[in-house]
Amino acid sequence: MSTLVLVLFQVLLVIGLSRLVGLGFRWLRQPLVIGEIVAGIMLGPSLFGLLAPNLAPALFPPDTIPYLNVLSQVGLIFFMFLIGLELNPKYLQGQFDKAILISHVSILVPFSLGTLLALLLYPLVSNASVTFTAFALFLGAAMSITAFPVLARIITENNLQGSRLGTLALTCAAVDDATAWCLLALAIAVTRTNSIVAALPTIVEALVYIGFMLTLGRQFLKLLARHYRRTGRLTQSVLACIYMGVLASALITELIGIHLIFGAFLLGVAMPKNAELTRELAEKTEDFVLTFLLPVFFAYSGLRTQIGLLNRPVLWLLCLAVLAVAIGGKYIGTYGAARISGLPKREASALGWLMNTRGLTELIVLNIGLSLGVISPLLFTMLVIMALVTTFMTSPLLEMTYAKELIRQDLVETADPPGLTPDQVLPTYRILVPVANPQSQKGLVHLAAAIAGTTAQPAVVNPLSLIQLQEDYAYESTPLEADRQIAQQQKALQHLVEALPALVQPFVQPIVRVGSDVARETVQIAEVEQADLILMGWHRPAFSSNRLGGRVGQILGSARTDVAVFIDRQNKALERILLPYTTDLHSDLGLELALRILFNQPDAVLTILQVTAPDETAAELSYEFRGVMQQLPSTLRSRIQLEPVVSLEPIQAVVQASEAVDLTIVGTSREWGIERQTLGHYTDTLAVECRSSLLIVRRYSQVTSHLASVLSANLAAGQQTIP
Amino acid sequence: MNEQPHHRPPESPNRHPSPKRSLRTNLIFYVATLLTVLGLFQLTTAYGETNLQAPPNLNGRYLTDAAAPGCPPDSRLALTIQQSGRYLNAALELVNPNAQISSPLPPRAFSLQGDWQQQISLAGAAPDLASCQQPTDLALQANFQAASGQTSSPTPANLTGQIQFTGQNWPFTAQQQAVAAPTNSH
């Protein structure tokens, strides 16, 4: 097989496996890029080579490696360009003085510990072709890396980008990243010339070039922004010029003696941060780079990772030592500096864990080190393991120390009506309304407002819109972009709110957040906010599937709150309500909600349908039911009528009765063919044939009462109840 | 449902030192840390350069120049060393000296393990030696002499030592063939 054919086949394999494993890690709620790195390692001697010692070298023979190398270097160059592009000075606005201190201490501590560790490692795992200075410098640099791109994604996905912790972490990571690259440039220069003194010319040239790019280069690139503003789009000619610039800059830094990637990174940083230009440029570049070229880099790196080299216990001990120094150095440094800056303990701790993310950036640094011969394959493997472990632990540790509390704080600020002073009473009744499509779900929010009302008690309706970031590693998931999307969605929800009656509007507070798993986020927010009810809409896509699939089913299954599912028939009115009655808690919930609507809409009427089979006597109304009815004020009771119906088919009876009403409320009981969790295979009948809008309710908690405040409000208002 | 009205939790108290004082404190702290680290780095590298010694670069393939006793006359022994600092993995094969160097050995071939303590010590199995009517378990010790000489007529690195079997010793002299030192490339 010719080399070219083999290389293309290898790339095919690499892309496919990267996607698969990446998505697997996504499912584990880890960054996609970690999965891609692991896929690369799997293809190398660590797994594939071990399992198939004859197939592996046949599939990845040595003469194809240089080709993979070229592809991966090109990928790296453009990837670093994208990183520089995303580095927006806006990130540096937040708490700059704190960030400088924290980020520099978070480099200096692991760096020092790294150089001390070099004292241990040099005689053990290095060889005499590397000077101690170069080795120590490199190891120190490797310990002090924080991966800004991976960190930015983790922050966006946890909705932290607007919080104090989030902005601080981003600023620190940005400063940290830039400083670490400079350290790496120094390490490379020293390695190539073997002493710091001999590296001085290289350092000076590098500084001159950086200065040039950030001043004159920037001015020149601003012309580009002007051109873009005039034409409104990024033509291929302009794109060609930009790519030529990337390559030219990379070549210049290579000639200077630091690595290719710095030039590309520098050009990205120097590009004018015109939002549309940056976005279009990023979108045009990233798809190919991220799906084709970058996985090749990971595979190339993986082919050099040999976990089999750690074949003695002492080597695993050294690996643990490396891990301990890396984690400890970063965490202690960051925590200490953060505490000195005045951050509370929890935030400082969360910041420490966040800054530990090393991921992709570390891998780039390590590959350079291995290529230069500063580190041996054994140390390379140990450091790769360190990079993976530190990145892997960030998300879980962050959730453990901080995320829930922050969600709470964040939501407290956005989810309650504005203008509440701390002495004012907060809402005691809350409905959470997941809204997928603001345009078509007006009826849903309308219903929520009708149930909540404002006369009984201070109530709040929270329409919830969750932005799912589709592309895990793209420009659209950077914090600034995510904020822009959030703002867009908030506008859409605001339109929705403005269509509601004026009385209700102040009590409808939209929440917009980023969420990768919509069902999970919704359930979590409902718990944190102590929502009394989750009200969702259900459109009827393919009714051939009997299960209530997708999000609604997931939420029904996992929510620890009462849930109601609304099937809208686009009736504008909510005046005539039908409640088929059975003696179970779900129907009781349905009754409570119906009564709330009655209470809030003075014109509404309720018909309670009691279906009995021809040979049965009418079932007695339950004790709770009668109790509730007795407590109602007369204004409410007069609008309720009981309608006994004799029929063999309860469902058909309901369908017939629904002809005359606007809304039918039904509990998830088998009677009406609706299972608690899945809205089983009878759902078709009722949901299809019901003539009115349908509200399916499921009670979770037996203790929650949706009526207590309505009733007590009446007592307080002095209404007499007839015993 | 909460019937008790709930209030917002009180905000955590923020320390507000006067801006000037905090800036000066930060600056002093920052400069002090920087100087400490630089000093530490200088000390460490000075100590490391003078006192610490890493093993020489032993990576490569070493070929004996004569056939070993009991082995086919046109065969040679080839020792391939994979070095991880002090820790060595190696493979001992029986090869035809005129044959081209084949592709790099798979990880499983490195069945000898040992370390460097001023000399190479390896132990393990060499399955190829079965065709020399020898047991395949052996131990190998050798002294290493680095490559030297002018670029016009360089002397390759070589190993001098012995291979020990149960009840037998073979002398072992080999010269380095392939230069396995990594190049300053990408």
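**Which pattern does chain B follow when it is read along the sequence?** Chain B of this predicted model runs α-β-β-β-β-β-β-β-β, that is, 1 helix and 8 strands. Here, helices (H or I, at least four residues) and strands (E, at least two) are DSSP runs, numbered from the N terminus. Of its 186 residues, 34% count as buried; buried means under 20% relative accessible area, exposed over 50%, and partly exposed in between (1.4 Å probe, protein chains only). The accessible surface of chain B is about 11,100 Å², with 55% of it belonging to carbon and sulfur atoms; such areas come from the Shrake-Rupley method with a 1.4 Å probe, and for residues only the protein chains shown count as cover.

**Close-up of B:Thr80 in strand β2 of chain B.** This strand covers residues 76–84. Why is B:Thr80 called buried? B:Thr80 counts as buried because its relative accessibility is 15%. Leaving aside residues up to four places away in sequence, B:Thr80 touches B:Gly60, B:Arg61, B:Asn89, B:Ala90, B:Ala91, B:Glu93, B:Leu105 and B:Phe110. Contact means heavy atoms within 4.5 Å.

**Close-up of α12(A), a mostly covered helix.** Here 11 of 11 residues are buried, among them A:Leu260, A:Phe262, A:Gly263 and A:Val269. Look around the helix for its packing partners: the buried residues pack against α5 (65–86), α9, α10, α11 and α16 (359–372) of chain A.

**Close-up of the second largest pocket, with about 1,300 Å³ of space.** On a 1 Å grid over the protein atoms alone, a cavity is a set of points where a 1.4 Å probe fits but cannot get out, while a pocket is an open set with protein on both sides within 12 Å along at least five of seven lines; lining residues have an atom within 4 Å of a point. Grid points are joined across faces, edges and corners, and a volume is the space filled by probe spheres set on the points. Of the 45 lining residues, A:Ala178, A:Thr179, A:Trp181, A:Cys182 and A:Leu183 lie nearest the centre.

**Close-up of the pocket lining, to which α9(A) gives the most, with 10 residues.** Elements that each supply at least two lining residues include α12 (260–270) of chain A and α1 (19–51) of chain B. By class, 37 lining residues are nonpolar, 6 polar and 2 charged. Ala, Val, Leu, Ile, Met, Phe, Trp, Tyr, Cys and Pro count as nonpolar, Asp, Glu, Lys and Arg as charged, and the others, Gly among them, as polar.

**Reading notes.** Residues are numbered from 1 along each chain as its sequence is written, and chains are lettered from A and ligands numbered from 1 in the order in which they are written. In this predicted model, local features need pLDDT of at least 70, side-chain atom pairs count only at pLDDT 80 or more, and totals for chains, interfaces and linings use all residues, while side-chain values use heavy atoms, leaving out hydrogens and water.
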